[in-house]
Amino acid sequence: MDALVLSDFSTTETLKTSENSLINYAKKIVTSSISKIFLISIVGLVAWISWKPSLYDQFKLDQRFMAQQLASSPYQEFKQAAQFIQNGDYYQARQVASKLVLGNLQNAAIRKQYAGILIASDCFETSKQVLYPIFESKNVNDKASAAYLLGLTFLKEENYAGAKHWLSQVPERSLEYYQAKEIISRIEAI
């Protein structure tokens, strides 16, 4: 007699269920790992963006250089302003320097130095008022410096169109020309 052999289907189904369970578990691990990597990447990106210096910070007037220039000035007010800047007190530096500027409104060199203090202390409108007449002058070097400083003012305000406009006014043979072109290329990359 022939014997009928019946398979034990319950064992096969148990193996399939175990396989599916194992596959689902592996998918969860992979998904969980991808989620963790994604989350870590996002947190890292946010931290990097908040740490990354602004475009202005990359090209700003250096505090030490500004203080050295003011300290080497023949004007006592600028020497005092240099001490305040070294201590990070731009408000007092601005107060002291403004007295000198008011007494020498026609002196472009004094006005440009004062504008640097104004830009560093976020007095954008005042710095523009100080620099616009210098830009209108006939002196090519003063005009170039004023255009560059106006460009920095607009850059610090994050008004990139205004910054680009003023930086493009810096003449090719001026000291600030290459720096202005570098800033313009960075603005265009934004």
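**Exercise 1. Which residues in helix 8 meet which residues in helix 10?**

Start with the kind of model you're looking at: this one is predicted.

*Step 1.* Find the two helices. Helix 8 covers residues 140–156, and helix 10 covers residues 177–189.

*Step 2.* List the partners. On the helix 8 side you should find Y148, L152 and L155, and on the helix 10 side Q179, A180, I183 and I187.

*Step 3.* Sort these residues by class. The contact of helix 8 with helix 10 has six nonpolar residues, one polar residue and no charged ones.

**Exercise 2. Describe how helix 8 and helix 10 are placed relative to each other.**

*Step 1.* Decide what to look at. Two packed helices are described by the angle between their axes and the distance between the axes.

*Step 2.* Take those two values for this pair. The axes of helix 8 and helix 10 come within 11 Å, and they cross at roughly 30°.

*Step 3.* Turn the angle into a word. Angles under 35 degrees count as roughly parallel, so helix 8 is roughly parallel to helix 10.

*Step 4.* Add the handedness: helix 8 passes helix 10 in a left-handed crossing.

**Exercise 3. Now do the same for helix 6 and helix 8, and name the residues in their contact.**

*Step 1.* Helix 6 spans residues 108–120. Its axis and that of helix 8 come within 10 Å and cross at roughly 10°.

*Step 2.* Again, put a word to the angle: helix 6 is roughly parallel to helix 8.

*Step 3.* Read off the residues. Helix 6 brings A108, K112, I119 and A120, while helix 8 brings N141, D142, S145, L149, T153 and K156.

*Step 4.* Sort them by class. You get four nonpolar, three polar and three charged residues in the contact of helix 6 with helix 8.

**Exercise 4. How far apart in sequence are D142 and K112, and are they buried or exposed?**

*Step 1.* Look at the side chains. D142 and K112 meet in a salt bridge, with 2.8 Å from N to O.

*Step 2.* Place both residues along the chain. D142 sits in helix 8 and K112 in helix 6, 30 residues apart, and the pair links distant parts of the chain.

*Step 3.* Check the accessibility: D142 and K112 are both buried.

*Step 4.* Have a look at S145, which also lies in helix 8. At a relative accessible area of 12%, S145 is buried. If you leave aside its neighbours within four places in sequence, S145 is in contact with K112 and E176. That's K112 again, the salt-bridge partner of D142.

**Exercise 5. Which parts of the chain does the salt bridge between D122 and K156 tie together?**

*Step 1.* Confirm the bridge. The closest N and O atoms of D122 and K156 are 2.6 Å apart.

*Step 2.* Locate the two ends. D122 lies in the loop between helix 6 and helix 7 (124–135) and K156 lies in helix 8, so this bridge ties together parts that are 34 residues apart in sequence.

*Step 3.* Compare the accessibility with the cut-offs: partly exposed runs between 20% and 50%. D122 has a relative accessible area of 44%, so D122 is partly exposed. K156, at 22%, counts as partly exposed too.

**Exercise 6. Which residues are joined with K128 into one salt-bridge network?**

*Step 1.* Begin with one bridge. The side chains of E157 and K128 meet at 3.0 Å, N to O.

*Step 2.* Place them. E157 is in the loop between helix 8 and helix 9 (160–167), K128 is in helix 7, and the two are 29 residues apart.

*Step 3.* Check each one's accessibility. E157 is partly exposed at 28%, whereas K128 counts as buried at 7%.

*Step 4.* Follow the shared partners: salt bridges join E125, K128 and E157 into one network.

*Step 5.* Step back to the total. Searching the whole structure gives seven salt bridges.

**Exercise 7. How many helices and strands does the protein chain have?**

*Step 1.* Count the elements: you'll get 10 helices and zero strands.

*Step 2.* Consider burial. Of the 190 residues in the protein chain, 33% are buried.

*Step 3.* Consider the contacts between residues at least 6 apart in sequence. Of these, 47% join residues at least 24 apart.

Notes: Residues numbered from 1 in each chain as written. Predicted model: local features only at pLDDT ≥ 70, side-chain atom pairs only at ≥ 80, totals over all residues. Heavy atoms only, no water. Axes fitted to C-alpha atoms, helices over the stretch in contact; angles between N-to-C directions. Helix = DSSP H or I, 4+ residues; strand = E, 2+ residues; numbered from the N terminus. Parallel < 35°, antiparallel > 145°, perpendicular 65-115°, else oblique. Left-handed = near helix turned anticlockwise from the far one by under 90°. Contact = heavy atoms within 4.5 Å. Nonpolar A, V, L, I, M, F, W, Y, C, P; charged D, E, K, R; others polar. Salt bridge = Lys/Arg side-chain N within 4 Å of Asp/Glu carboxyl O. Buried < 20%, exposed > 50% of the residue type's maximum accessible area, 1.4 Å probe, protein only.
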